[in-house]
Amino acid sequence: MLKQLAVAALKQGYKNIRPSLYACETAFHSGQANLAPRSFFGVEDYLDDDNSRPYTYQKEKKSKNPGKHISFKQRTVAYMQPFTLDVFISKRFVSASITHRTTSKQVATAGTNSKDIKAVLKSRSDIPACLSVGQILADRAREADVYTASYTPRDRDKFEGKIRAVVQSLIDNGIDIKVYLD
């Protein structure tokens with residue numbers, strides 16, 4: 001109807017009149033995008049690959065550093081050395097885990113908060129506790145067929161004391177740990 005009004009107005013000489021809305025000629029949605037240049041919500045509608053139903057197009061986030069070059073080593077290190085060691089030490093307990101980088105799944109975990117270790121130890125955060133966490137983590141990692149891992153300390157952590165005790169215990173129990181100190 002609106003289309004007919006626009007055609008009638010153009011025939012009468014109204015050249016500056018433009019219809020503000022476009023309407024479909026059919027009452028049913030045929031799987032194609034409507035004649036409207038923009039959808040109701042202000043986002044353009046596009047069709048799926050098989051032209052079955054419209055979906056909403058969203059712009060992807062732009063990179064903060066578009067010119068930043070990523071080296072070959074940075075791209076492949078997650079696949080060459082897939083397992084990482086994560087050590088967390090607080091005032092009350094010690095925990096460590098070995099995580100697969102690409103799938104982000106924890107392969108083996110050990111901590112002094114678990115019931116089996118908690119009953120044996122005098123203190124849950126001293127050096128002997130760190131050594132026992134390293135030994136149990138090494139046993140669980142060998143059960144999961146993990147024999148190598150890499151460790152990069154966090155910015156606030158120094159590679160000494162309790163963290164070094166956990167890593168040294170893992171090395172002594174047969175897990176090869178590559179330590180990257182920046």
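Is R154 buried, partly exposed or exposed? In this predicted model, R154 counts as partly exposed because its relative accessibility is 29%, a value that falls between the cut-offs of under 20% for buried and over 50% for exposed.

**Overall architecture**

The protein chain contains five helices and seven strands. Along the sequence, these elements follow the order α-β-β-α-β-β-β-α-α-β-α-β. Of the 182 residues in the protein chain, 24% are buried.

**The β3-β4 hairpin**

Strand β3 covers residues 83-89 and strand β4 covers residues 94-100; the two run antiparallel and are joined by seven bridges. Four residues lie between β3 and β4, and the two strands form a hairpin. Within this pairing, T84 is placed opposite T99 of β4.

**Salt bridges**

Side chains of opposite charge can pair when their charged atoms come close. The model holds four salt bridges by the distance rule applied, including the three listed below.

| Salt bridge | N to O distance |
|---|---|
| D139 and R142 | 2.5 Å |
| R140 and D116 | 3.5 Å |
| R154 and D157 | 3.9 Å |

The salt bridge between R140 and D116 has an N to O distance of 3.5 Å. This pair links distant parts of the chain, with R140 in helix α4 and D116 in helix α3, 24 residues apart. R140 is partly exposed because its relative accessibility is 30%. D116 is also assigned as partly exposed, since its relative accessible area is 45%.

The salt bridge of D139 with R142 lies within helix α4; because these residues are three apart in that helix, about one helical turn separates them. D139 has a relative accessible area of 31% and is therefore partly exposed. For R142 the relative accessible area is 30%, so this residue is partly exposed.

In the salt bridge of R154 with D157, the closest N and O atoms are 3.9 Å apart. D86, R154 and D157 are joined into one network by salt bridges that share partners.

**A positive surface patch**

R92, K115, K118 and R124 gather on the surface in a patch of positive charge. One of these residues, K115, belongs to helix α3, which covers residues 115-118. K115 counts as exposed because its relative accessibility is 75%, against a cut-off of over 50%.

**Residues with positive phi**

Two loop positions deserve separate mention for their backbone geometry. S104 is not a glycine, yet its phi is positive at about 60 degrees. S104 is located in the loop between β4 and β5, the latter strand covering residues 106-111. With a relative accessibility of 57%, S104 is therefore counted as exposed.

D145, likewise a residue other than glycine, has a positive phi near 60 degrees. The loop that holds D145 runs between α4 (127-143) and β6 (148-151). D145 is exposed because its relative accessible area is 57%.

Notes
Residues numbered from 1 in each chain as written. Predicted model: local features only at pLDDT ≥ 70, side-chain atom pairs only at ≥ 80, totals over all residues. Heavy atoms only, no water. Patch = residues over 30% accessible without salt bridge, like charges linked within 9 Å, V, L, I, M, F, W, Y side chains within 5 Å. Areas by Shrake-Rupley, 256 points an atom, 1.4 Å probe, with all protein chains shown as cover. Salt bridge = Lys/Arg side-chain N within 4 Å of Asp/Glu carboxyl O. Lys, Arg positive; Asp, Glu negative; His and termini not counted. Charge placed at Lys NZ, Arg CZ, Asp CG, Glu CD. Buried < 20%, exposed > 50% of the residue type's maximum accessible area, 1.4 Å probe, protein only. Pairing = 2+ DSSP bridges.
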